[in-house]
Amino acid sequence: MTATDHHPRHRLDDLLHNPVRFSIIAALDRAGTLGFKEVRDAVEITDSALSKQVATLESAGYISVGKAFAGKLPRTSLTLTRQGRAAWKAHLATLREIAGESS
Amino acid sequence: MDTPTPPTAAEAQLLLDRADRLSRSAHNATRWPYITFVLALGVATSMGTFAMALTTGTAFGLSYFGTLGVVFALMLFFLAGIRGRSAFARSRRWTGYIASWFVTYAAAIAVVIWAHGSVLLAGIASGLILLVAMFSAAREARS
């Protein structure tokens, strides 16, 4: 093992390194659960782009997708899972560590 | 497949700031109907129960049906406001707010029934409703 292996960048979550996925999880951090449209508006991306990243995050177990109906309209909700929250906290902690290097 | 490029210290700080900003804005955009509802519910039921405890006859009827009408309108507003939003509806925190409000409201209704005309008890019970609602709204706003 070399000294460079200890650099915090090695602990960054590859899945959350993607800017869109990073933003999706960031939007869900405080709220826990949000509607698909709310996340789309917060992240400012198209429905299809969001769907694609949501599928990736769901298959990784970071978010769960709920389907319900409000009247006749389908409503999709996105919830940050326990696993997703743990990964997010670890990712943020690593970023803080990297940010602290400059000081 | 994404090729992760490790961020520099400055970029990491920017990412942290962005995450915090996004998290706050997404949360703020969804919780305002909840804060408005719990505050308005507290004000309406506090004033309503106070009026009910101290009035009789037509005035009592007016305060009774007036309170019911306002609560009904608030519930309609709330249901319309959270349509498609599910950020807090099933959260433990939200259940706590409503349960706290209900306990104080039940106490105020008990005063209306069993201590009708007592300004002191009506003031305490209705004041408690207002306090609980304001505390809940403030807590939610600061979370």
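Select chain B. Of its 143 residues, 30% count as buried. Keep in mind that this is a predicted model. Colour the chain by secondary structure: four helices and zero strands appear. Read from the N terminus, the order is α-α-α-α. Now turn on contacts between residues at least 6 apart in the sequence of chain B; 76% of them join residues at least 24 apart.

**Stop 1: two helices of chain B**

Select helix H1 of chain B, residues 9–54, and helix H4 of chain B, residues 119–142. Two packed helices are described by the angle between their axes and the distance between the axes. Here the axes come within 9 Å and cross at roughly 175°. Angles over 145 degrees count as roughly antiparallel, and H1(B) and H4(B) are therefore roughly antiparallel to each other. Which classes of residue make up their contact? There are 19 nonpolar residues, seven polar and two charged.

**Stop 2: helix H2 of chain A**

Move to chain A and select residues 19–31, helix H2. Set a distance between its end C-alpha atoms: they are 19 Å apart. At 1.5 Å a residue, 13 residues should span 18 Å, so the two values agree.

Is H2(A) mostly covered or mostly uncovered? Mostly covered: eleven of its 13 residues are buried. Among them are A:Phe22, A:Ile24, A:Ile25 and A:Leu28. The buried set also includes A:Arg21, A:Asp29 and A:Arg30. Step past the end of the helix to A:Gly32, which follows H2(A). The phi of A:Gly32 is positive, near 85°.

**Stop 3: the largest nonpolar core**

Stay with H2(A) and show the largest nonpolar core, which has 32 residues. Which members touch the most others? They are A:Ile25, A:Ala27, A:Leu28 and A:Val39. Several elements of chain A each supply at least two residues, including H2, helix H3 (36–43) and strand E3 (73–80). H1 of chain B does so too. H2(A) gives the most, with seven residues.

Zoom in on A:Ala27. Leaving out residues up to four places away in sequence, A:Ala27 touches A:Leu34, A:Val39, A:Ala42 and A:Val43 in chain A. In chain B, A:Ala27 touches B:Leu22, B:Ser23 and B:Ala26.

**Stop 4: a second core**

Finish with B:Phe37, B:Ala44, B:Met52 and B:Ala125. These residues belong to a second, separate core of 21 residues.

Conventions: Residues are numbered from 1 along each chain as its sequence is written. Chains are lettered from A and ligands numbered from 1 in the order in which they are written. This is a predicted model: local features need pLDDT of at least 70, side-chain atom pairs count only at pLDDT 80 or more; totals for chains, interfaces and linings use all residues. Axes are lines fitted to C-alpha atoms, for helices over the stretch in contact, and angles run from 0 to 180 degrees between N-to-C directions. Angles under 35 degrees count as roughly parallel, over 145 as roughly antiparallel, 65 to 115 as roughly perpendicular and the rest as oblique. Ala, Val, Leu, Ile, Met, Phe, Trp, Tyr, Cys and Pro count as nonpolar, Asp, Glu, Lys and Arg as charged, and the others, Gly among them, as polar. A residue is buried if 20 or more other C-beta atoms lie within 10 Å of its own, exposed if 12 or fewer, and partly exposed in between; C-beta atoms are placed from the backbone. Two residues are in contact if their C-beta atoms, placed from the backbone, lie within 7 Å. The expected span of a helix is 1.5 Å times one less than its number of residues. A nonpolar core is a set of buried Ala, Val, Leu, Ile, Met, Phe, Trp, Tyr and Cys residues joined through C-beta atoms within 7 Å.
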